[in-house]
Amino acid sequence: MPKLEIDGQEVEVANGTNLVQAAEQLGTEVPHYCYHPGLPVAGNCRMCLVEIEKMPKLQIACNTRANEGMVVHTKSDRVLRARESVLEFLLVNHPIDCPICDQAGECKLQDYYMDHDRQESRIPLESKVSKGKAIDIGPMIMLDQERCILCTRCTRFLDEVTGTSELGIFERGNHCQIDLFPGVMLDNPYSGNVADICPVGALTNKDFRFRTRVWYLESTPSVCPGCATGCNIDIHHRSGEVFRYRPRHNPDVNSYWMCDEGRLSYKRYQGEGRLLQPVQRAGEDWQPIAWDAAVGRFVDVLKGDKRIAGVISAQSSNEEIFLFDQLVREQLSGQVAGHSWSPEGASSDELLIDGDKNPNTAGLTELGLTLDARKIIDSALAGEIDTLVLYGTDLTQVCTVEEIAELGDKLDAAIVLDLRYGPSLEIADLVLPIASYAEIEGSFINRQRRCQVLGRSMEPTGHSWPGWQLLTKVAGSLGAPSHDSASAVFERIADKHAAFRGLTLAGLAGLGAPLGGATSGDG
Amino acid sequence: MSEKILLRHEDVANLRELDVYVSDGGYATALRVLKEREPEDIIEEVKASGLRGRGGAGFPTGMKWGFLPKDNPLRYLCVNADESEPGTFKDRQILEHNPHLLLESMVLAAYAIKCHKAYIYIRGEFAQGAKILEEAVREAVAGGHLGEDIYGTGFDLDVVVHRGAGAYICGEETGLIESLEGKRAYPRVKPPFPAVYGVFGAPTIVNNVETLCCVRPILERGAQWFKTIGPEKSPGPKLYCVSGHVERPGVYELPMGTNLRELIYDHCGGIPGGKKLKAVIPGGSSVPIFTADEIDVNMDFDSIAAAGSLLGSCGTIVMNEDTCMVRALRIIARFYRHESCGQCTPCREGTGWLERLMIGLEDGGANDRDVDLLMQVADNMMGNTVCVLADAAAMPTKSFVTKFRSEFEEHLQHGGCPQRSAEAMRASAHA
Amino acid sequence: MAVEFSKESKAHFEEILTRYPKKRAAIMPTLWLAQKDFGYLSHEVLAYVAELIEESPAFVASVASFYTMYYKKPMGRHHVQVCTNLSCALVGSDNIVNCIKEKLGIGLGETTPDGKFSLDEVECLASCGTGPMMQIDDDYWEGLTTEKTLEILEKLAAG
């Protein structure tokens with residue numbers, strides 16, 4: 001654990017820490033472009049030059065290990081002069097198209113120029129080397145070669161992380177440019193990451209381009225709902241609309257990356273198809289119904305000596321699963337099963353993409369549910385069930401169209417709690433819209449049995465309710481103690497399940513934590 | 001020094017053929033050393049000789065060898081035969097005319113550092129040199145001087161000739177290593193240094209051709225003999241490349257520390273046509289220039305450094321009074337722009353900027369502040385990059401502008417090269 | 001038609017692989033071999049080399065683009081390269097370039113319509129003591145005068 005001094009402040013760092021990270025520990029940013037903690041050091045941008053006492057030349061902070069007794073200056077005159085000159089060099093061939101550049105607002109060239117340089121250009125515009133602009137290089141990415149500062153983050157990512165090397169640097173000197181090989185697109189399943197790590201507007205995300213200026217966006221830390229890996233993300237949103245996901249660093253889960261499929265999965269939870277208010281069946285039609293009345297109707301259907309069964313999907317949070325299980329199994333003595341379905345041939349790989357396209361299959365099993373939804377359907381088809389509650393469950397994933405029709409005949413009542421219109425509505429008597437994972441507080445458990453927290457990015461869509469709120473209200477109406485927050489529900493989970501013991505939602509914020517014990521079970 | 005050591009082929013015809021080389025005493029040193037001496041002992045002898053690298057940096061060779069970690073048995077020797085510093089053409093003489101001197105020296109060096117695989121990285125343009133070397137390797141293997149179980153001592157050395165394909169930066173030792181690994185020749189950030197992490201991740205020694213060729217003579221005649229040639233702190237025979245405006249340009253083998261004036265006027269016969277000397281670049285185009293009255297300097301690492309330039313690769317370029325210094329610097333600027341690998345920001349952008357400024361000065365279109373700007377851009381490039389190519393472009397720029405500023409100002413005022421427009425006028429008058 | 005090495009070149013390629021502990025290191029000699037066989041490194045050829053070396057085509061092409069001696073376009077039968085770096089410029093390389101341009105009727109970077117000659121100016125070829133000089137294909141021609149230069153070109157044109 002070397003101790004060193006940076007700008008007059010002492011800091012103790014772990015062995016092997018470089019000076020960019022050591023300064024960060026003190027809250028000091030050493031400006032840099034090519035350095036990225038998830039990639040091998042390139043040392044080419046020369047922006048992170050710092051002065052180290054007893055060394056004649058300035059040194060790049062990214063490739064210098066913090067050593068015992070080092071005295072480092074990150075803001076000395078020499079350092080500031082070097083930084084200004086590197087910025088000036090970077091701008092020698094950089095176009096001045098910030099007003100139409102999608103990176104504006106999150107461009108490191110722009111940021112550092114405002115911090116350090118702000119001098120008038122000494123380079124005539126007409127002498128800039130011209131290169132390609134707005135080149136479509138793959139399903140996710142647009143390339144602007146003129147804006148590229150050749151930091152090689154993208155090529156290092158494609159060489160070292162995906163091993164696909166679709167992009168290369170061509171030519172040399174001031175004619176260097178990033179490009180594809182003709183006929184080969186940048187279309188690997190992780191291509192979107194290159195736009196995240198590009199420090200300037202050279203690589204931009206096609207899905208996000210020109211939809212909004214970044215300074216209007218809010219960011220909420222959360223977890224990708226795309227599969228069982230649970231990549232940590234930031235949800236970038238504004239006025240109830242998600243604009244993009246950005247991977248959030250978690251060394252134990254996803255490093256700095258996420259896959260393209262997960263990146264685009266936000267689209268499933270917004271826009272057309274979302275259920276906006278409670279409705280009940282009125283013959284062939286649906287009739288809107290107020291929430292109080294809807295809850296009342298739900299409670300009525302559950303009351304009495306009925307044979308009740310419930311199915312809840314692995315898209316639901318732990319809090320929803322727990323309350324659903326408590327309600328149907330404990331309170332109403334019904335049967336409950338979890339439902340975790342992935343399409344046939346679902347993508348998967350060794351890196352981050354899991355073939356289980358549900359973010360919380362582990363949550364179902366950890367909370368003691370079986371994954372045998374079909375058994376419940378079979379009972380229902382055999383006429384052994386009066387009331388079926390489907391929570392986020394698409395029946396076509398469990399039975400045939402004919403069977404769905406048959407279920408409609410066999411059941412006294414079917415209640416559907418869901419985000420979206422879907423085939424399950426065919427047999428529903430009452431439909432209650434619930435909020436998406438981005439609209440609630442709660443948690444998922446990933447494939448590593450790591451419990452991670454969802455961030456509530458926005459208000460529930462339409463008149464939908466957070467599932468835990470709806471379930472606790474119904475349970476309360478039937479005489480159970482109710483909970484006033486998702487955190488309170490999580491506390492109950494921790495009481496009841498040994499694996500969750502000692503954890504709290506607040507405590508899990510950030511990187512989450514592994515569940516305790518090797519297996520689950522009621523405590 | 002009348003006897004030629006490195007340029008012995010000038011005294012012995014057909015020395016590049018193995019039997020001629022052997023009958024001239026070739027490979028006798030390798031045989032004796034492999035049979036009789038210990039590797040550590042060779043390193044000590046090379047250290048004691050005071051041999052310093054001839055590639056440009058002048059680093060003590062024995063010390064470099066000593067940096068190899070003791071624990072890793074896998075290691076490589078790379079010969080830097082990528083001679084490309086403008087004004088330098090010495091290694092080519094050895095490669096084409098005395099290849100076995102290099103191979104024998106490689107056997108000795110490899111034995112000293114306990115290495116069994118060596119690569120000769122030869123610049124792509126030396127197609128003839130590569131053919132000659134490959135033939136020499138074949139001959140040497142057939143003759144038992146290279147390959148497996150050399151002289152029955154159990155020592156193996158496999159030598160591979162690897163051709164470059166046109167990139168000056170491969171002369172930088174880590175650029176060379178990257179290129180040898182099949183990549184763009186981007187010099188590596190250091191540390192780690194090649195002696196610890198070199199080619200294919202293994203400890204590697206990279207030595208210049210001329211440097212290595214001093215190893216056989218040192219082991220043949222002893223470190224003490226070597227030290228009797230030239231100054232104490234950088235001894236040995238040295239190849240001086242002289243080009244430009246001299247009567248007899250060429251490569252001269254002379255003791256390290258030969259006086260620059262003597263080199264130009266005595267050995268090379270002075271300036272042709274009774275012209276006056278204007279300037280001399282002593283060590284290849286990347287080093288600071290000397291004016292005519294600065295040439296009383298001894299050509300060894302320390303003396304030249306004390307006089308404000310560098311011995312570099314010893315490419316001495318001589319310019320007479322008619323030379324336009326702006327044009328000369330423009331050519332140098334073009335070269336470094338063309339050869340910048342493009343990796344580091346200050347070099348990639350700075351070399352291009354310098355050339356643009358020089359074009360403006362020579363062809364017209366320069367701005368009033370451009371002479372100052374040349375100095376500022378050069379200053380900002382220096383010392384801030386992975387390798388020294390940026391410095392190589394900046395150093396001549398700064399010294400040309402400082403020492404010949406009036407000529408630059410004149411170009412500025414004239415809106416281009418006054419000499420060239422005078423020539424153009426003369427040409428049109430003749431037409 | 002897909003490009004493929006001749007039998008001899010395939011054997012040569014296998015020999016090249018034995019020189020290095022890593023396959024990637026065989027890129028440069030393999031590109032040389034490909035250039036000899038196919039004349040220049042078309043995208044097809046680069047993709048073929050990439051396949052042989054087991055690297056991405058972008059990687060191989062980016063390496064090829066770094067080195068000036070790998071041809072990315074078809075070249076004339078003879079590649080005339082005149083050094084115009086400082087030492088040669090001091091002793092008249094401009095005259096040599098101009099006389100070749102005039103003789104061949106082409107500019108720098110161009111190829112004669114009959115496909116016999118391509119002309120380029122190049123940086124220092126380590127022949128500074130015998131300038132002006134040029135390299136044609138694998139051979140150096142040193143101590144040039146305009147007369148000598150024209151003679152060489154005529155001989156090659158006839159041959």
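Which residue follows H12(A), and what is the sign of its phi? The residue is A:Gly479, and its phi is positive, near 100°. The model examined here is predicted.

Helix H12 of chain A covers residues 467-477. Of its 11 residues, 8 are buried, so the helix is largely enclosed by the rest of the structure. The buried set begins with A:Gly467, A:Trp468 and A:Gln469. A:Leu470, A:Leu471 and A:Thr472 also belong to it, as do A:Val474 and A:Ala475. These buried residues pack against both helices and strands of chain A. The helices are H7 (291-302), H8 (318-331) and H13 (486-496). The strands are E19 (413-418), E20 (430-433) and E21 (442-445).

Chain A as a whole gives the setting for this helix. It holds 14 helices and 23 strands. Its C-alpha trace spans about 85 × 50 × 40 Å along the principal axes. Of the 523 residues in chain A, 50% are buried. Contacts in chain A were also sorted by separation along the sequence. Among those with a separation of 6 or more, 66% join residues 24 or more positions apart.

Chain A also touches chain C. Here 13 residues of chain A are in contact with 9 residues of chain C. On the chain A side, strand E8 (residues 167-170) gives the most, with 4 residues. By class, that side has 7 nonpolar residues, 3 polar residues and 3 charged residues.

Chain B contains an open sheet of 5 strands. The strand order is E7-E6-E12-E9-E10, and the pairing is mixed. Strand E7 (250-255) and strand E10 (290-291) form the edges, each pairing on one side only. Inside the order, strand E6 (residues 237-244) pairs with strand E12 (residues 315-320) of chain B. The two run in the parallel sense, with 4 bridges between them. In this pair, B:Cys241 stands opposite B:Gly315 of E12(B).

Some backbone angles call for separate comment. Most residues other than glycine have a negative phi, and most peptide bonds are trans. Two residues depart from the phi pattern. B:Asn14 is not a glycine, yet its phi is positive, about 55°. B:Asn14 sits in the segment before helix H1 (18-23) of chain B. It has 11 C-beta neighbours inside 10 Å, so B:Asn14 counts as exposed. C:Ala126 is not a glycine either, and its phi is positive at about 60°. This residue lies in the loop between E3 and E4 of chain C. C:Ala126 is buried, because 29 other C-beta atoms lie within 10 Å; the cut-off for a buried residue is 20 or more.

Cis peptide bonds appear in chains B and C. In chain B, such a bond joins B:Lys190 and B:Pro191, with omega about 0°. B:Pro191 belongs to the loop between helix H8 (173-180) and strand E5 (204-208) of chain B. In chain C, a cis peptide bond joins C:Gly131 and C:Pro132, with omega about -10°. C:Pro132 is placed in the loop between strand E3 (117-122) and strand E4 (134-136) of chain C. The loop between E3 and E4 of chain C therefore holds both C:Ala126, a buried residue, and C:Pro132.

Definitions and conventions. Residues are numbered from 1 along each chain as its sequence is written. Chains are lettered from A and ligands numbered from 1 in the order in which they are written. This is a predicted model: local features need pLDDT of at least 70, side-chain atom pairs count only at pLDDT 80 or more; totals for chains, interfaces and linings use all residues. Two residues are in contact if their C-beta atoms, placed from the backbone, lie within 7 Å. Ala, Val, Leu, Ile, Met, Phe, Trp, Tyr, Cys and Pro count as nonpolar, Asp, Glu, Lys and Arg as charged, and the others, Gly among them, as polar. A residue is buried if 20 or more other C-beta atoms lie within 10 Å of its own, exposed if 12 or fewer, and partly exposed in between; C-beta atoms are placed from the backbone. Two strands pair if DSSP finds at least two bridges between them.
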